[in-house]
Amino acid sequence: MAMTWYDAFGRRVDTTALKQEQAAPTVGGVRRHDALHPAAGLTPGRLAHILRDSIDGDPENYLALAEDMEERDPHYGSVLFTRKAQVAGLDITVEAAGEDAKSVEIADMVREYIGRDAFEIELRDILDATGKGFSCTEILWDTSESQWRPKRLAWRDPRWFTFDPVDGETPLLRNGGSNDPLKPFGWIFHSFKAKSGLPIRGGLARGVAWTFLFKSFTIKDWAIFCEAYGQPLRLGKYGEGASETDKAKLLEAVTSIGTDFSAIVPASMMIEFIKADLSGSHDLYEKRADWLDRQTSKLVLGQTSTTDAQKGSYAVGKVHDGVRDDIEKADAKSLAGTLNRDLVRPYVDLNHGPQKKYPKICIGRPDEVDVEALVKNVSTLVPLGLPVSKKVMLDKIGLPEPKAGEELLVAPKQPAPVDPNAQPKPGDRQQEAVNSAQAQKRDAIEQATNGLLGDWEPLVKPIVAGLEAEIAAASSADEVKAILAKRFEGLNVEALTEQLARSAFAARLAGESGETL
């Protein structure tokens, strides 16, 4: 019985259709690579019309404008590429669905595919949605050797797509008079949402469009100003009887003087040069262009310190470092979710059948781990019964699993525990005899101390006999002091002093000679 597959949206998969390209470019159809340039001569009225049409079901001019903006505005093109390249260059890992051999095998299959050098470039193509709101990448499958493997992730021009007129969210491939749904397991559809709403309204290009328009006016005026700056006004005068031909000739002469400073006019005509006295601030154009660039930086990168020169920008830029962290994480999570839905699941299903759980692609910077504190805590808690996975520890401290045959570091050998019921061997008896002999040899100081205590006992015994009972019967501290003083009156101080002197002398001799007493 043939296996039936369904995609993440419950649509049945036609494996026969997967073997053919759905959106290959055509010469005579709508999927052409010809260029549209709506940015040329753009006005506020035209821009408003383009934006409205994109929502009403005709996004082609808007998507062409978004492409134009990346090419014509160096600042927008730069910050947008920074945002896409930073996310595409993050570390990518694959988490297996389980620890069993099958789950590990499937995860390794996915790891092998995304480990290709071309994958980062393909990710940047998928992230084309950052500016335009969505991207459609066709998966071209290789079915040789009885397996399914993506041989190429082909970026498709977003102008070739539109959206379902009912929900405004389902992408459709333009195909002349009809619009076709994207075939299941055949596409990676990535939707970028800078704001909630329809995919066509979620891209950054929509917010940058007005800034781009106003900046284009500023740059144009600036260019005209720079061309005319410092040049005198050329004033042509003609007589009352000048014909239209004479007037045109005079105008042409005045204009030519502005470019090549040479002209020929009849003697009856006069050209007067009036000195240009310029006043006011001439850096208005630059300030306005810079201000508009900063608004673009805020929208695309979430900050301005790494792109625009300003006081203290180096220190602040070190904190921001390109794309703001929260934006980077959001982009990475969104991209990983798209890949898990539209790439990992089809790849696994077509080769291993539907699974209850799938391996998961994770994109982002690795968590910084305090290795010293981690090892210290594990070393303390493992002896107390805490179960710790070896694989997890290797991953946390950044060490790979040792391969078969490699020399391994091992812990120092500990002495074997002694079994009290075991019969001693001949060699063990000899060692026990040595240990017994050494145990009988006491240190000279220890022997002297023991002897001294033995000599003290008869000296101190009369003093302490019955002392505890007398102190218990005393009613005050003064009475206790009187009892102690009376007891010490009978102590032979001279005999005690002599015993201490002898013991100290004996210990000194033993220390100097290294012998035992």
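**Entry 1: loops and backbone**

Strands here are DSSP runs of at least two residues, labelled E and numbered from the N terminus. With that in hand, I looked up phenylalanine 185, which sits in the loop between strand E6 (178-181) and E7. I keep in mind that this is a predicted model.

What is the phi of phenylalanine 185? I find a positive value of about 65°, although this residue is not a glycine. Is phenylalanine 185 buried or exposed? Its relative accessible area is 5%, and the cut-off for buried is under 20%, so I note phenylalanine 185 as buried.

Glutamate 145 is another non-glycine residue with a positive phi, here about 60°. I place glutamate 145 in the loop between E2 and strand E3 (149-156). With a relative accessibility of 69%, glutamate 145 goes down as exposed.

**Entry 2: H2 against H3**

Next I turned to a helix pair. Two packed helices are described by the angle between their axes and the distance between the axes. For helix H2 (residues 44-55) and helix H3 (residues 60-72), the axes come within 7 Å and cross at roughly 120°. That crossing makes H2 oblique to H3.

Which residues meet there? From H2 I list Leu47, Ile50, Leu51 and Ser54, and across from them in H3 are Asn61, Tyr62 and Leu65. Sorting the residues of this contact, I get 5 nonpolar, 2 polar and no charged.

**Entry 3: salt bridges**

Side chains of opposite charge can pair when their charged atoms come close. How many salt bridges does a search of the whole structure find? The search gives 21. I opened three of them.

The pair of lysine 132 and glutamate 70 has an N to O distance of 3.2 Å. Lysine 132 belongs to helix H7 (residues 129-132) and glutamate 70 to helix H3, so this bridge ties together parts that are 62 residues apart in sequence. Lysine 132 is buried at 1% relative accessibility, whereas glutamate 70, at 23%, is partly exposed. I also see that Lys132 and Glu70 belong to a network of salt bridges with Glu67 and Asp128.

Lysine 215 and aspartate 293 come together in a salt bridge at 2.6 Å, N to O. This pair links distant parts of the chain, 78 residues apart: lysine 215 is in helix H8 (residues 204-228) and aspartate 293 in helix H10 (residues 284-301). I checked burial, and both lysine 215 and aspartate 293 are buried.

My third pick is arginine 324 with aspartate 326, whose closest N and O atoms are 2.9 Å apart. Arginine 324 is partly exposed at 34% relative accessibility, and aspartate 326 is partly exposed at 44%.

**Entry 4: nonpolar cores**

In soluble globular proteins, nonpolar side chains tend to be buried together. The largest nonpolar core in this model has 36 residues. Which of its residues touch the most other members? They are Met69, Phe134 and Phe161.

I then asked where this core draws its residues from. Helices H2, H3, H4 (74-88), H8 and H10 each supply at least two, as do strands E2 (134-142), E4 (161-163) and E7 (187-191). H8 gives the most, with 6 residues.

I followed methionine 69 for its contacts, leaving out residues up to four places away in sequence. Methionine 69 touches Tyr76, Ala205, Val208, Ala209 and Phe212. A second, separate core holds 34 residues, including Ile106, Leu335, Leu339 and Leu343.

**Entry 5: two last residues**

Threonine 137 lies in strand E2. Its relative accessibility of 1% counts as buried. What does threonine 137 touch, not counting residues up to four places away in sequence? I wrote down Ile126, Leu153, Ala154, Trp155, Gly186, Trp187 and Ile188.

Phenylalanine 81 is in helix H4 and, at 46% relative accessibility, is partly exposed. I checked its C-alpha against that of arginine 124: the two are 8.6 Å apart in space, with their positions 43 residues apart in sequence numbering.

Terms used: Residues are numbered from 1 along each chain as its sequence is written. This is a predicted model: local features need pLDDT of at least 70, side-chain atom pairs count only at pLDDT 80 or more; totals for chains, interfaces and linings use all residues. Side-chain values use heavy atoms; hydrogens and water are left out. Axes are lines fitted to C-alpha atoms, for helices over the stretch in contact, and angles run from 0 to 180 degrees between N-to-C directions. Helices (H or I, at least four residues) and strands (E, at least two) are DSSP runs, numbered from the N terminus. Angles under 35 degrees count as roughly parallel, over 145 as roughly antiparallel, 65 to 115 as roughly perpendicular and the rest as oblique. Contact means heavy atoms within 4.5 Å. Ala, Val, Leu, Ile, Met, Phe, Trp, Tyr, Cys and Pro count as nonpolar, Asp, Glu, Lys and Arg as charged, and the others, Gly among them, as polar. A salt bridge is a side-chain nitrogen of Lys or Arg within 4 Å of a carboxyl oxygen of Asp or Glu. Buried means under 20% relative accessible area, exposed over 50%, partly exposed in between (1.4 Å probe, protein chains only). A nonpolar core is a set of buried Ala, Val, Leu, Ile, Met, Phe, Trp, Tyr and Cys residues joined through side-chain atoms within 4.5 Å.
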